[in-house]
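Thanks for making the time this morning. I would like to walk you through a model that is probably new to most of you, so please have a look at it on the screen before I begin.

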Amino acid sequence: MENKLVCNCKKVYMSDIEKALSESARFSDVEKEFEEVQKITGCSTGCGGCHDKIMDIIADFMNG
């Protein structure tokens, strides 16, 4: 998979999100995973325009 820039404000790439997910405790809820990824990467703390993209990435990651 291409390592795309997902969060322009904080310069967070797809690989940064995947790394954060692999390091976080496993949650059964996408919102909790999002909060953890946000803490680790800083994504979606600027303009918030990447929120939906990040939620989709997390959901895909959780669903295998």
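Let me start with a definition, because a disulfide here is a pair of cysteine sulfur atoms within 2.5 Å. Please also keep in mind that what you see is a predicted model. By this rule, the count of disulfides comes to zero. Cys 43, for instance, is in no disulfide, and the nearest cysteine sulfur, which belongs to Cys 50, lies 5.7 Å away. Cys 43 is also buried, with a relative accessible area of 0%. Cys 47, on the other hand, is exposed, with a relative accessible area of 63%. Why is the sulfur of Cys 47 not bonded to the closest cysteine sulfur? That closest sulfur is in Cys 9, at 3.8 Å, which is too far for a bond, because the two atoms would have to be within 2.5 Å.

Let me turn to the helices, beginning with α1, residues 14–23, and α3, residues 51–62, which pack at an angle of about 50° with their axes 11 Å apart. That angle makes α1 oblique to α3, and the crossing of these two helices is right-handed. On the α1 side, the contact is made by Met 14, Ile 17, Glu 18, Leu 21 and Ser 22, and these meet Ile 54, Ile 57, Ile 58 and Phe 61 in α3. By class, the residues of this contact divide into seven nonpolar, one polar and one charged.

How, then, does α2 pack against α3, and at what angle? Here the angle is about 115°, and the axes are 10 Å apart, so that α2 is roughly perpendicular to α3. This crossing, in which α2 passes α3, is right-handed. From α2, the residues Val 30, Glu 31, Glu 33, Phe 34 and Val 37 meet a set in α3 that consists of His 51, Ile 54, Met 55, Ile 58, Ala 59 and Met 62. This contact of α2 with α3 has eight nonpolar, one polar and two charged residues.

Finally, I would like to point out Ser 44, which is found in the loop between α2, residues 30–41, and α3. Is Ser 44 buried or exposed? With a relative accessible area of 12%, Ser 44 is buried, because under 20% counts as buried. Leaving aside residues up to four places away in sequence, Ser 44 touches Cys 7, Phe 34, Gln 38, Cys 50, His 51 and Ile 54.

Conventions
Residues numbered from 1 in each chain as written. Predicted model: local features only at pLDDT ≥ 70, side-chain atom pairs only at ≥ 80, totals over all residues. Heavy atoms only, no water. Axes fitted to C-alpha atoms, helices over the stretch in contact; angles between N-to-C directions. Helix = DSSP H or I, 4+ residues; strand = E, 2+ residues; numbered from the N terminus. Parallel < 35°, antiparallel > 145°, perpendicular 65-115°, else oblique. Left-handed = near helix turned anticlockwise from the far one by under 90°. Contact = heavy atoms within 4.5 Å. Nonpolar A, V, L, I, M, F, W, Y, C, P; charged D, E, K, R; others polar. Buried < 20%, exposed > 50% of the residue type's maximum accessible area, 1.4 Å probe, protein only.
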